[in-house]
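Grab your viewer and a distance script. Here are a few short exercises, each with a worked solution.

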Amino acid sequence: MPEMLVLPGLFSVCQVEDYSQVDLDAEYCFIGKTDEEKSLVCRTGDVPDNTIQQSDGWRAFRIQGVLDFSLIGILSEISGALARHEVGLFAISTFNTDYILVKDKDYKRAVKALTSEAYRIIEAE
């Protein structure tokens with residue numbers, strides 16, 4: 001099973017008017033744009049002023065290493081483990097890997113769920 005690094009700090013999931021106030025040089029900045037919205041996930045301290053709505057209090061796990069595109073079922077296995085422990089998630093995929101966010105109130109339950117399924121959880125220093 002993969003290792004999962006717990007990223008320090010709390011994150012926010014936001015809907016923004018535009019990206020003009022987003023700090024694209026922040027350590028973590030995930031943006032998504034569709035025909036219906038402009039979304040941003042960032043550390044709570046980096047939320048821009050032009051945010052329309054936001055959900056605060058998220059903790060983030062990064063699957064360690066580069067995941068080959070041929071790998072199948074990684075997110076499915078993680079989401080299944082969390083679902084069995086009644087933990088909701090917000091997933092983000094990048095070119096290299098995947099990130100899983102859970103609400104801070106569910107963090108300990110998420111760690112228990114993942115470790116019970118043989119995931120190794122690493123706390124960032």
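What follows is a little ground-setting, then three exercises.

This is a predicted model, where local features need pLDDT of at least 70, side-chain atom pairs count only at pLDDT 80 or more, and totals for chains, interfaces and linings use all residues. Numbering starts from 1 along each chain as its sequence is written, and side-chain values use heavy atoms, with hydrogens and water left out.

**Exercise 1.** Find which helix or strand supplies the largest share of the largest nonpolar core.

*Step 1.* Build the core: link buried (under 20% relative accessible area, 1.4 Å probe, protein chains only) Ala, Val, Leu, Ile, Met, Phe, Trp, Tyr and Cys residues through side-chain atoms within 4.5 Å. You get 18 residues, with Met-4, Phe-61, Ile-78, Leu-82, Leu-114 and Ile-121 having the most contacts inside.

*Step 2.* Sort by element, using DSSP runs (helices H or I, at least four residues; strands E, at least two; numbered from the N terminus). At least two residues each come from β1 (3-16), β4 (51-63), α1 (74-84), β6 (98-103) and α2 (107-116).

*Step 3.* The winner is α2, with five residues.

**Exercise 2.** Work out what the buried residues of α1 pack against.

*Step 1.* List them: Ile-74, Ile-78, Gly-80, Ala-81 and Leu-82.

*Step 2.* Look for contacts (heavy atoms within 4.5 Å). The partners are β1, β4, β6 and α2.

**Exercise 3.** Decide whether Ser-12 is buried or exposed, and find its side-chain polar partner.

*Step 1.* Ser-12 sits in strand β1. Because its relative accessibility is 0%, Ser-12 counts as buried.

*Step 2.* Scan for N or O pairs within 3.5 Å, one able to donate a hydrogen and the other to accept it; residues adjacent in sequence count only if both atoms are side-chain atoms. The side chains of Ser-12 and Thr-44 make such a polar contact, at 2.9 Å.

How values were computed. Buried < 20%, exposed > 50% of the residue type's maximum accessible area, 1.4 Å probe, protein only.
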